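Me: Could you take a close look at one part of this for me, the sheet and how its strands are put together? I'd like the register and the turns too.

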Amino acid sequence: MVVGGKKKGPKDRKPKVRKPGKKLGELYEISGDSLKRKNRNCPKCGKGTFLGKHKNRLVCGKCGYVEILEKKE
Ligand SMILES: [Zn+2]
């Protein structure tokens, strides 16, 4: 493949930068000396597998389990 000639320049391609420590901080909340789990465990996969939080649903990335979050109001 030949790159070039298109309007999209190399600026559009940002290098992958990993934000350090974000994932664990989202899953756990440390209060005092106890650890609170923010995310729910997957009912299919069991403990240790958390449901990923999306806009209006929880999704298990392992088995594909989806739980819809209903809006309260
Ligand atoms: Zn699962």
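Reply: Sure, let's start with one facing pair: K53 sits opposite L58 in β5. One step along, G52 stands opposite V59, also in β5. Before going on, note that this is a predicted model, where local features need pLDDT of at least 70, side-chain atom pairs count only at pLDDT 80 or more, and totals for chains, interfaces and linings use all residues. Residue numbers run from 1 along each chain as its sequence is written.

Those two pairs belong to β4 (residues 46-53) and β5 (residues 57-60), which run antiparallel over three bridges. On terms, strands (E, at least two residues) and helices (H or I, at least four residues) are DSSP runs numbered from the N terminus, and two strands count as paired if DSSP finds at least two bridges between them. A hairpin with three residues links β4 to β5.

Next up is β6 (residues 66-68), which pairs with β5, again antiparallel and over three bridges. Here R57 faces I68 of β6. The hairpin of β5 and β6 has five residues between the strands, and in it G64 takes a positive phi near 90 degrees.

Put together, you get an open sheet of four strands, ordered β3-β4-β5-β6 with antiparallel pairing. The edges are β3 (41-42) and β6, each pairing on one side only. As background, strands of a sheet pair through backbone hydrogen bonds, either parallel or antiparallel.
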